[in-house]
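Biologist: I would like to learn how to read a protein model. Could we go through it together, one feature at a time?

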Amino acid sequence: MTILLDVITTAAILFVVAAGLLAIFGVLKIINFAHGAWLTVGGYCAVATAGMGLNPWLALPVAFAVGSALGGITEVLVVRPLYRRPLDAILATWGLGIVIGQLITLWFGRDVQFTPNLLSGTIEVFGIDYSFYRLFMVLTALVVGLGFAVLLEGTRLGLSARAVIMNETLARALGIDTAKVRLTTFMIGTGLTALAGVLLTPLTSVDPDMGLAWLIGAFMLVMVAGSSFGALAVACLVFGGAQTLVSTFVSPVLGGITVAVLCALVLRISPKGFARA
């Protein structure tokens with residue numbers, strides 16, 4: 001039973017980490033390689049909040065606000081001129097991630113830091129004491145997934161975003177402000193990523209390279225999922241489960257690369273991944 005819970009909670013954590021990256025890729029059709037830097041920004045928002053003696057839960061809205069604001073600036077100054085040059089956009093966001101990491105190092109130093117737990121203790125599940133916080137991450141993943149479903153299906157922004165995803169030229173001809181849709185999507189994606197960084201802090205230490213460990217796995221999961229959050233959930237469950245099993249029964253080191261390796265194999269066999277038309 002513990003293994004099953006580990007599989008489910010690992011999948012939930014991967015989904016929360018990758019959701020912001022998928023939101024940006026689905027609409028903008030570019031990969032934000034500064035994704036790891038935004039996770040780190042969220043982690044340091046938690047550090048700053050704790051340093052000021054504030055309630056650690058306040059780090060969540062602070063991180064979302066900071067991530068969104070920085071994302072808006074990035075979209076306007078860095079990403080927008082490169083929409084027609086996706087490879088250049090990848091290089092630009094990768095470079096931006098390095099710059100953000102260096103700025104964080106200058107401000108906070110390279111020391112590993114820890115933050116107060118948002119939730120502590122265990123809860124009994126089917127006769128087993130299990131981490132309350134890891135189970136909370138499952139609820140968080142469900143909220144994020146349902147939130148995006150409601151956003152895409154039940155709001156004007158969501159309808160506009162779906163139109164841009166399907167055919168941006170036609171959407172523009174129908175009067176949709178595609179530039180505004182791109183900006184808003186990028187801000188939501190980066191805000192959610194920074195928020196995910198806060199949620200990771202009870203599970204890992206905070207340092208300037210914190211987000212790099214999650215970048216490749218999130219990138220590969222998004223490549224497999226395409227632009228579908230449903231496909232992302234399936235990918236996280238399948239590959240997160242494989243990671244848990246390999247880490248438990250073979251080696252934690254091999255478990256750390258399981259997601260990337262299996263995603264690469266799936267894309268080699270089926271280039272569309274799990275998001276078949």
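Biologist: In which sense do strand 1 and strand 2 pair, and over how many bridges?

Modeller: Keep in mind that this is a predicted model. Strand 1 covers residues 122-125 and strand 2 covers residues 128-131, and the pair runs in the antiparallel sense with four bridges.

Biologist: Which residues stand opposite Glu-124 and Val-125?

Modeller: Look across to strand 2: Asp-129 faces Glu-124, and Ile-128 faces Val-125. There is a general idea to remember here: in a regular strand, side chains alternate between the two faces of the sheet.

Biologist: How many residues lie between strand 1 and strand 2 in the hairpin?

Modeller: Two residues separate the strands of this hairpin. In the turn you will find Phe-126, with a positive phi of about 50°.

Biologist: What does the secondary structure of the protein chain come to?

Modeller: Eleven helices and two strands. If you follow the sequence, the pattern reads α-α-α-α-β-β-α-α-α-α-α-α-α.

Biologist: Now the overall shape. Why would one say that the radius of gyration of the protein chain agrees with a compact globule?

Modeller: Start from the expected value: for 277 residues, a compact globule would have a radius of gyration near 19 Å. The protein chain has 18 Å, so the two agree. You can also look at the C-alpha trace, which spans about 60 × 45 × 35 Å along its principal axes.

Biologist: What percentage of the residues count as buried?

Modeller: The cut-off for buried is under 20% relative accessible area. Of the 277 residues in the protein chain, 48% count as buried. As for the accessible surface, its total is about 13,300 Å², and carbon and sulfur atoms account for 70% of that.

Biologist: Let's try single residues. Is Thr-193 buried or exposed?

Modeller: Thr-193 has 3% relative accessibility, so this residue counts as buried. Thr-193 sits in helix 8, residues 178-200. Setting aside neighbours within four places in sequence, Thr-193 is in contact with Gly-20, Leu-21, His-35, Trp-38 and Leu-39.

Biologist: And where is Val-41?

Modeller: Val-41 belongs to helix 2, residues 35-51. Its relative accessible area is 10%, so Val-41 is buried too. Leaving out neighbours within four places in sequence, its contacts are Val-66, Leu-70, Ile-100 and Ile-104.

Biologist: How far apart are Val-41 and Ala-194 in sequence and in space?

Modeller: They are 153 residues apart in sequence, while their C-alpha atoms are 6.0 Å apart in space. For the protein chain as a whole, take the contacts between residues at least 6 apart in sequence: 75% of them join residues at least 24 apart.

Biologist: What does Phe-108 count as, with its 29% relative accessibility?

Modeller: At 29%, Phe-108 counts as partly exposed, because that class lies between under 20% for buried and over 50% for exposed. You will find Phe-108 in helix 4, residues 86-108. Apart from neighbours within four places in sequence, Phe-108 is in contact with Tyr-44 and Gln-113. From Phe-108 to Pro-208 there are 100 residues along the chain, and their C-alpha atoms are separated by 8.4 Å.

Biologist: Finally, how far apart are the mean positions of the positive and negative charges?

Modeller: The protein chain has 14 positive and 11 negative charges, and their mean positions are 16 Å apart.

Notes. Residues numbered from 1 in each chain as written. Predicted model: local features only at pLDDT ≥ 70, side-chain atom pairs only at ≥ 80, totals over all residues. Heavy atoms only, no water. Rg over C-alpha atoms; globule rule 2.2 N^0.38 Å. Buried < 20%, exposed > 50% of the residue type's maximum accessible area, 1.4 Å probe, protein only. Contact = heavy atoms within 4.5 Å. Areas by Shrake-Rupley, 256 points an atom, 1.4 Å probe, with all protein chains shown as cover. Lys, Arg positive; Asp, Glu negative; His and termini not counted. Charge placed at Lys NZ, Arg CZ, Asp CG, Glu CD. Pairing = 2+ DSSP bridges.
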